[in-house]
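Open the structure in your viewer and keep the selection tool at hand. The tour goes from stop to stop, saying what to select and what is there.

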Amino acid sequence: SKSSEEIKQQNSELSEKVHSLVSKNSAMKLDMEDLHKKLEMAELMIQQFSNQAGSLDANQQLQMALEEKASLETQVAQLSESLHQLQAERDRYVEKLKEEQSIWQQRVQQLSEQVHTMAEEKEKHMAQIRELEANVTEL
């Protein structure tokens, strides 16, 4: 029975190893498929470059690359300028909103004070009315 237990233990360990190797194998297959796809893409790019190179000489390719670079630099400069303008506009809006918020806070504070003052005046008037009613009753 000891040897049977030992065999079961070894069987279990080997089974775990097999599962581990199977998962590693699957991962390697996926990696290999990715590498094949990258290789195919690289071959396509080489073919495209070869086709372009066959129709244009190196000077023409260089000139086209320089023109594209200049065009891209112009676009980057335009986008940078637009970005700066948008940032300045955003900053102006933020300042305007802060000013408006301050104005509204002051207005709310004023209205709150007015409400408080009116409540006090109401209490004073109510006291006067009670006093006058008492006087009228007395008279």
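**Stop 1: a pair of charged side chains**

The model is predicted. Select Glu-73 and Lys-69 and show their side chains, which meet in a salt bridge with 3.9 Å from N to O. Why can these two residues face each other along the helix? Glu-73 and Lys-69 are four residues apart in helix α2 (residues 58-138), so about one helical turn separates them. The distance also passes the cut-off, because a salt bridge here needs the nitrogen within 4 Å of the carboxyl oxygen. Side chains of opposite charge can pair when their charged atoms come close.

Now turn on the surface. Is Glu-73 buried, partly exposed or exposed? Glu-73 has a relative accessible area of 46%, which makes it partly exposed. Lys-69 is partly exposed too, at 47%.

**Stop 2: another salt bridge**

Select Arg-90 and Asp-91. A salt bridge joins Arg-90 to Asp-91, and their closest N and O atoms are 3.1 Å apart. Arg-90 is partly exposed, with a relative accessible area of 47%. Asp-91 is also partly exposed, at 39%. How many salt bridges are counted by this rule? The count comes to two.

**Stop 3: the annotated stretch**

Select residues 78-139. The UniProt record, an unreviewed entry, annotates this stretch as "domain: Golgin subfamily A conserved". In the model, residues 78-139 are 98% helix and 0% strand. The C-alpha atoms at the two ends of the stretch are 90 Å apart.

**Stop 4: distances along the chain**

Use the distance tool on C-alpha atoms for the next three pairs.

- Select Arg-92, which is found in helix α2, and then Asn-135. The two are 43 residues apart in sequence and 64 Å apart in space. Arg-92 counts as exposed, at 53% relative accessibility.
- Select Val-115, another residue of helix α2, and then Gln-75. They are 40 residues apart in sequence, and their C-alpha atoms are 59 Å apart. With a relative accessible area of 54%, Val-115 is exposed.
- Select Gln-109, which lies in helix α2, and then Leu-14. Along the chain they are 95 residues apart, and 80 Å separates their C-alpha atoms. Gln-109 is partly exposed, at 44% relative accessibility.

**Stop 5: the whole chain**

Clear the selection, show the chain as a cartoon and zoom out. How many helices and strands does the chain have? There are two helices and zero strands. The radius of gyration is 43 Å, well over the 14 Å that the globule rule gives for 139 residues, so the chain is more spread out than a compact globule. Along the principal axes, the C-alpha atoms fill a box of roughly 115 × 85 × 15 Å.

Switch the surface back on for the whole chain. What share of the 139 residues counts as buried? The share is 0%, where a buried residue would have under 20% relative accessible area. The chain exposes about 13300 Å², and carbon and sulfur atoms supply 58% of that area.

**Stop 6: charge**

Finally, colour the chain by charge. It has 16 positive and 26 negative side chains. The centres of these two sets lie 7 Å apart. To finish, return to the charged residues from the early stops, including Lys-69 and Glu-73, which form a salt bridge, and Arg-90 and Asp-91, which form one as well.

How values were computed. Residues numbered from 1 in each chain as written. Predicted model: local features only at pLDDT ≥ 70, side-chain atom pairs only at ≥ 80, totals over all residues. Heavy atoms only, no water. UniProt positions renumbered as here; feature names shortened; annotations may be inferred. Buried < 20%, exposed > 50% of the residue type's maximum accessible area, 1.4 Å probe, protein only. Rg over C-alpha atoms; globule rule 2.2 N^0.38 Å. Areas by Shrake-Rupley, 256 points an atom, 1.4 Å probe, with all protein chains shown as cover. Lys, Arg positive; Asp, Glu negative; His and termini not counted. Charge placed at Lys NZ, Arg CZ, Asp CG, Glu CD.
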